[in-house]
Amino acid sequence: MYINITDSETADNKGSSTSLVHYLDKENRADKEIQPELWFNQERGNIQSFDAMRALDNNVAKLMRTEAKFFLINISPSQKEIAWLKDHYGEQGAKEQLKAYAVKMMDEYALNFKRPGINSSKDLLWFGKLENHRYYGAKDPEVKQGLKKRGDRKPGEQMHIQVVVSRKDITNKIKLSPMNNSKGRNAAHAQKMGQFDRSAFKQCGETVFDKTFHFERGFADTFRYANEQKKGTLEQRMASHSERRSQESGQQQERSVRQRQKFQPVKTQAQAQESGSFLKLVTGKADYDVAPSIGRKKKKRKQNEQDQGLSL
């Protein structure tokens with residue numbers, strides 16, 4: 001799960017949200033034959049673009065001209081995660097589940113500020129937009145090498161959600177910035193601006209996904225592994241490599257055991273009964289399904305009769 005927060009991707013977030021909202025409507029304009037994807041939040045799933053823009057642009061009380069008015073949150077599940085959703089919920093069901101997941105993540109976004117009165121997505125002003133595709137940009141290697149053109153669709157599963165969230169809370173009174181790096185260390189600053197731990201928010205993204213959808217995530221696919229490989233010390237990178245190899249080795253052993261069990265011959269009922277009867281004979285226990293043998297006493301009497309006939 002890739003989660004990123006930026007001031008803006010294509011527009012200056014210190015002014016109106018019109019340009020960004022218009023940009024995020026590009027798929028609706030590109031394909032007129034499909035049903036358009038409308039904006040959503042924790043209350044509604046059929047919000048029109050102009051309603052989202054108007055709400056965001058009117059929620060800027062006492063913000064200076066140089067201050068950010070909104071932020072963009074990119075929620076992008078991996079190819080494996082998208083495939084998991086589609087396998088379990090179908091094409092349309094996966095979209096609805098991903099939107100519901102985005103609402104949960106906005107709950108976590110609110111809690112991450114640790115501000116009184118900011119407890120869930122209901123305390124925020126935000127709008128989400130589901131996109132089905134991603135497109136090559138000028139910075140992509142394929143475009144630089146001439147293999148793809150800017151604007152071409154990228155292959156594979158690319159479903160993701162973009163969330164535009166206001167700098168001010170739903171009451172238009174409290175400033176909230178996820179770009180604040182205090183993380184509670186500066187009490188006065190945190191009280192005024194709110195604290196926000198972006199790493200914790202990203203880690204929470206995969207935890208919520210795994211718990212909600214019962215997704216089994218390999219260690220190599222975790223935020224912790226990626227973060228330690230990118231920003232960790234040498235010791236941390238070596239330790240995470242060791243943990244990854246250990247997990248992969250354990251998974252390989254489990255697959256081998258399941259493979260052997262799959263091809264292990266199973267005894268039929270007749271074979272099982274034969275085996276049981278043989279065991280009883282070996283152990284000396286009576287088996288009433290087997291005919292009794294001739295007693296030795298009878299054989300001895302017959303031998304005596306023969307002996308008597310010879311003596312005469």
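Isoleucine 75, in this predicted model, touches Met1, Tyr2, Tyr101, Ala102, Met105, His160, Ile161 and Val163, with residues up to four places away in sequence left out of the count. Colleagues, I begin with this residue for its place in the core. The largest nonpolar core has 37 residues, and Ile75 is among those with the most contacts inside it, together with Ile73, Tyr101 and Tyr109. Two or more residues come from each of strand 1 (2-6), strand 2 (70-76), helix 4 (79-112), strand 3 (124-131), strand 4 (160-169) and helix 7 (198-213). Helix 4 contributes the most, with 11 residues. Another core lies apart from this one; its 13 residues include Ile47, Ala52, Leu125 and Val164. As a general matter, nonpolar side chains tend to be buried together in soluble globular proteins.

Let me place these cores in the whole protein. There are 11 helices and 4 strands, and 35% of the 312 residues count as buried. Among contacts between residues at least 6 apart in sequence, 68% join residues at least 24 apart. The accessible surface comes to about 20200 Å², and carbon and sulfur atoms account for 51% of it.

I turn now to helix 7. Does its length agree or disagree with the expected span? Its 16 residues should span 22 Å at 1.5 Å a residue, and the end C-alpha atoms are 23 Å apart, which agrees. At the start of the helix, a side-chain oxygen of aspartate 197 reaches to within 3.1 Å of the backbone nitrogen of serine 199. The buried residues of helix 7 are Phe201, Cys204, Gly205, Glu206, Val208, Phe209, Asp210 and Phe213, and they pack against strand 1, strand 2, helix 4 and helix 8. After the helix comes histidine 214, with a positive phi near 55°.

My last subject is arginine 217, in the loop between helix 7 and helix 8 (223-231). Is this arginine buried or exposed? Its relative accessible area is 14%, and the cut-off for buried is under 20%, so arginine 217 counts as buried. Which residues does arginine 217 contact, leaving aside neighbours within four places in sequence? They are Met1, Glu81, Glu206, Phe209, Asp210 and Thr222. Two acidic partners deserve a closer look. The arginine 217 side chain makes a polar contact with the side chain of glutamate 81, at 2.7 Å, and another with the side chain of aspartate 210, also at 2.7 Å. Glutamate 81 is 136 residues away from arginine 217 along the chain, yet their C-alpha atoms are separated by 9.1 Å.

Definitions and conventions
Residues are numbered from 1 along each chain as its sequence is written. This is a predicted model: local features need pLDDT of at least 70, side-chain atom pairs count only at pLDDT 80 or more; totals for chains, interfaces and linings use all residues. Side-chain values use heavy atoms; hydrogens and water are left out. A nonpolar core is a set of buried Ala, Val, Leu, Ile, Met, Phe, Trp, Tyr and Cys residues joined through side-chain atoms within 4.5 Å. Buried means under 20% relative accessible area, exposed over 50%, partly exposed in between (1.4 Å probe, protein chains only). Contact means heavy atoms within 4.5 Å. Accessible areas come from the Shrake-Rupley method with a 1.4 Å probe; for residues, only the protein chains shown count as cover. A polar contact is a pair of N or O atoms within 3.5 Å; within protein, one must be able to donate a hydrogen and the other to accept it, and residues adjacent in sequence count only if both atoms are side-chain atoms. The expected span of a helix is 1.5 Å times one less than its number of residues.
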